[in-house]
Amino acid sequence: MAAAQEEALAFKNKGNDAFRKQDWIEAIEFYSKAIDAYSEDPSFYTNRAQAYIKTEMYGLAIADADSAIALDPENVKAFYRRASANTAILHHSDALRDWKLVVKKAPKDTAARMRMVECDKVVKRDAFLKAIEIEDAPSAAEGLDLEHMALEKNYDGVKLEEQITPEFVEDMIDRFKNGKKLARKYVFQIILAVKKIVYEEPTMVEVEVEQGKTITVCGDTHGQFFDLLNIFKLNGFPSETNGYLFNGDFVDRGSWSTEVCLLLYAYKWLYPTSFFLNRGNHETDDMNRMYGFEGECRAKYTERVFKVFSESFSALPLATLIGKKHFVLHGGLFSDDAVSLDDIRKLNRHKQRQPGQSGLMMEMLWTDPQPDPGRGPSKRGVGMQFGPDVTKRFCEANGLETVIRSHEVRMEGYEVEHDGRCITVFSAPHYCDNTGNKGAFINIGPELKLKFNQFEAVPHPDIKPMAYASNGLSGLI
């Protein structure tokens, strides 16, 4: 064996050790070194592709699978990786082609066969939903007679009248902590009340931080209910003076997404002028069908609950401007330098329920920063990436100090990039029970200075992430 191959194999083995320890970033670094030393071994690419999948860099995983297939057109593992990555980013037709190839080449692989069958169902379901889609379809809440809807006989909690109270929210938290559900009538009542409130808010909410008040910006919470409660324990429960902004991705992956979303909605109803919610890329139908929220709604409540939640998600604002200096949105910046805050103010989000594959809404929910100048293809396979020069121009043109976004795991819970102008905050510690990251949140007072706070994950009942995700697909993530 040539010296270069031996060196590359040693790097691969170190990558495998890191992968076994669930240190995905270190594994990627070692697999990359193996490829740099010797680029003709397809296993280096398939191994790195799997590490990319673990870090949600699905676009890079697809590129690595393509490289492995170019080196070895019969490489089953490469087709498997590409199918997995395309499944994760909801490119189901592309994924199905590869799942069929995997099953043809490895007919005894029962997991691949199950995923092929499940993917085929999704492709057919999506085609059916598209065929029956009706513009201006009636609301799922139409015909709901909440006034006469009976409470479940086993509901033993505080009653919810026409207006929510702190006592009701406290009781709801205790119920959720003890594995109990909310009365279905109250679920509908909360969702519909909040849908009305957020629908009437502008696409970009603009808030000032008055003397004696703070607003805390939190990133993704992803159904991690007990970590959400820990944020409130550490930072204080919401109030008129202790405001919050949750920057999208409340649901999916974590298995307490209904509890997280109902609690956030309850606080939005209780404190509508000091508690704020931005939409994330997971507050969308296609992600909810894949990553568990729809299944969780069905399991704990009903399909109609999911549909009403879906309508409320499409009513959520897309951004929040704090003190005219801090621009907060879930994903990131835009493919066109000409986009301004005024364009966001004018955007009619109510005409477009789902973000689609292109356009302003999609970019606000999906894009990511990159260290290099300019713009580049998305490492996750959806949207694009923007560099420090893009952030600088946007901030200077709009009089901003920072762009605060979420959307990506950060091992320290947050990261300051782009010469201090781009900040990522992520609030789901030990994400999916396997990442080992810290969570973080950002306090902003009247002086508009940013104070970063980190926290660790707390214990939760033994229910795994993705417990309600699509059958046969949860094992991919």
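## A walk from Lys307 to the surface patches

Start by selecting Lys307, which is partly exposed at a relative accessible area of 43% (buried means under 20% relative accessible area, exposed over 50%, and partly exposed in between, with a 1.4 Å probe and protein chains only). What you have open is a predicted model, where local features need pLDDT of at least 70, side-chain atom pairs count only at pLDDT 80 or more, and totals for chains, interfaces and linings use all residues. Residues are numbered from 1 along each chain as its sequence is written, and side-chain values use heavy atoms, with hydrogens and water left out.

**Stop 1: a run of charged partners**

Keep Lys307 and add Glu303: the two form a salt bridge, with the closest N and O atoms 4.0 Å apart (a salt bridge is a side-chain nitrogen of Lys or Arg within 4 Å of a carboxyl oxygen of Asp or Glu). Both residues lie in helix 14 (residues 303–315), four residues apart, or about one turn of the helix (helices are DSSP runs of H or I with at least four residues, numbered from the N terminus, while strands are runs of E with at least two). An α-helix has 3.6 residues a turn, so residues three or four places apart point the same way.

Glu303 counts as partly exposed at 35% relative accessibility. What else does Glu303 pair with in a salt bridge? Select Arg298: its closest N to O distance to Glu303 is 3.1 Å. Arg298 counts as partly exposed, at 45% relative accessibility.

Now add Glu294, whose side chain meets that of Arg298 in a salt bridge of 3.7 Å, N to O. Why are these two about one helical turn apart? Because Glu294 and Arg298 sit four residues apart in helix 13 (residues 293–300). Is Glu294 buried or exposed? Glu294 is buried, with a relative accessible area of 12%. Across the whole structure, a search finds 37 salt bridges.

**Stop 2: an enclosed helix**

Select residues 76–88, which make up helix 5. This helix has 13 residues and reaches 18 Å from its first C-alpha to its last, close to the 18 Å expected at 1.5 Å a residue (the expected span is 1.5 Å times one less than the number of residues). Switch on a surface for the rest of the model: 11 of the 13 residues of helix 5 are buried, so the helix is largely enclosed by the rest of the structure. Among the buried residues are Phe79, Tyr80, Arg81, Arg82 and Asn86.

**Stop 3: two backbone surprises**

Most residues other than glycine have a negative phi. Move to Leu90, in the loop between helix 5 and helix 6 (92–105). Leu90 has a positive phi of about 70° although it is not a glycine, and it counts as buried at 16% relative accessibility.

Next, select Gln22, in the loop between helix 1 (3–20) and helix 2 (24–37). Gln22 also has a positive phi, of about 65°, and is not a glycine. With a relative accessible area of 38%, Gln22 is partly exposed.

**Stop 4: the loop after helix 7**

Jump to Glu147, in the loop between helix 7 (110–132) and helix 8 (166–177). Glu147 counts as exposed, at 67% relative accessibility. Which residues form a negative surface patch with Glu147? Add Asp145, Glu161 and Glu162 to your selection to complete the patch. Patches are made of residues with over 30% relative accessible area and no salt bridge, joining like charges within 9 Å and nonpolar side chains (Val, Leu, Ile, Met, Phe, Trp, Tyr) within 5 Å. Asp and Glu count as negative and Lys and Arg as positive, leaving out His and the chain ends; a charge is placed at NZ of Lys, CZ of Arg, CG of Asp or CD of Glu.

In the loop between helix 7 and helix 8 you also find His148, which is exposed with a relative accessible area of 60%. Draw a C-alpha to C-alpha distance from His148 to Lys77: the two are 56 Å apart in space and 71 residues apart in sequence.

**Stop 5: a nonpolar patch**

Finish on Ile132, in helix 7. Ile132 is partly exposed, with a relative accessible area of 44%. Add Phe128 and Leu129, and you have a nonpolar surface patch with about 270 Å² of accessible area together (areas come from the Shrake-Rupley method with a 1.4 Å probe, and for residues only the protein chains shown count as cover).
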